[in-house]
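Please open the structure in your viewer and keep the selection tool at hand. This tour moves from one selection to the next and says what to look for at each stop.

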Amino acid sequence: RGGLDLARATALLADPRQTLADVARACGLPYDRFRREFRQRTGQAPGAYRQRRLLERARMELLASGRPIHAIAADLGYANPFAFSAAFRRGTGVSPRAWRRGG
């Protein structure tokens, strides 16, 4: 009976097209065990980890490219730019547009 392959789990969680249940299945664990082991090993829930990683990618993309915000939101798996903006503001305290302008 194997444990969680953390490197595989974190790589899969970086892909917004994968649901948390998909990631657990790909890691060969039932969802509850995956969630518990991930939290024990990282100190955060898989969903919170994913959200943090997506916001890191968004911050870098907003500064490094002139791509439209709606395109960045779509690439990161957000349903629409409004959902992305709300999540970005919750995570950073500023809007994506303000972040791009330097805060």
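Begin by selecting R100, and leave aside its neighbours within four places in sequence: R100 is then in contact with E61, L62, L63, S65, G66, R67, I69 and I72, where contact means heavy atoms within 4.5 Å. R100 lies in helix 7 (residues 96-101); helices here are DSSP runs of H or I with at least four residues, strands are runs of E with at least two, and both are numbered from the N terminus. Although R100 and E61 are 39 residues apart in sequence, their C-alpha atoms are 9.1 Å apart in space. R100 is partly exposed, with a relative accessible area of 28%; buried means under 20% relative accessible area, exposed means over 50%, and partly exposed lies in between, using a 1.4 Å probe and protein chains only.

Before you go further, note that this is a predicted model, in which local features need pLDDT of at least 70 and side-chain atom pairs count only at pLDDT 80 or more, while totals for chains, interfaces and linings use all residues. Residues are numbered from 1 along each chain as its sequence is written, and side-chain values use heavy atoms, with hydrogens and water left out.

**Next selection: E61 and R67**

Keep E61 on screen and add R67, since both were among the contacts of R100. The side chains of E61 and R67 meet in a salt bridge, with N and O 3.1 Å apart; a salt bridge is a side-chain nitrogen of Lys or Arg within 4 Å of a carboxyl oxygen of Asp or Glu. E61 counts as partly exposed at 26% relative accessibility, and R67 is also partly exposed, with a relative accessible area of 28%. Now add D75 to the selection, and you have a network in which salt bridges that share partners join E61, R67 and D75.

**Next selection: two more charged pairs**

Which residue forms a salt bridge with R52? Select E56, whose closest O atom is 2.8 Å from the closest N atom of R52. Because R52 and E56 are four residues apart in helix 4, they are separated by about one helical turn. R52 is partly exposed at a relative accessible area of 37%, and E56 is partly exposed at 27%.

Move then to D22 and R25, whose side chains meet in a salt bridge with an N to O distance of 3.0 Å. These two residues are three apart in helix 2 (residues 20-26), so about one helical turn separates them. D22 counts as partly exposed at 25% relative accessibility, whereas R25 counts as exposed at 57%. Side chains of opposite charge can pair when their charged atoms come close. A search of the whole structure finds six salt bridges.

**Next selection: the nonpolar cores**

Select A58, L62, I72, L76, Y78, F84 and F88, which have the most contacts inside the largest nonpolar core, a group of 14 residues. A nonpolar core is a set of buried Ala, Val, Leu, Ile, Met, Phe, Trp, Tyr and Cys residues joined through side-chain atoms within 4.5 Å. Helix 4 (46-64), helix 5 (69-75) and helix 6 (81-92) each supply at least two residues of this core, and the largest share, four residues, comes from helix 4. Centre the view on A58, which touches L76, F84 and F88 when residues up to four places away in sequence are not counted. Apart from this core lies another, of eleven residues, among them L13, L29, F34 and F38. In soluble globular proteins, nonpolar side chains tend to be buried together.

**Next selection: A83 and A73**

A83 is found in helix 6 and is partly exposed, with a relative accessible area of 31%. Select A73 as well: the two residues are ten apart along the chain, and their C-alpha atoms are separated by 8.4 Å.

**Last view: the whole protein**

Finally, show the whole chain, in which there are seven helices and zero strands. The C-alpha trace spans about 50 × 20 × 20 Å along its principal axes. Buried residues make up 37% of the 103 residues. Among contacts between residues at least 6 apart in sequence, 52% join residues at least 24 apart.
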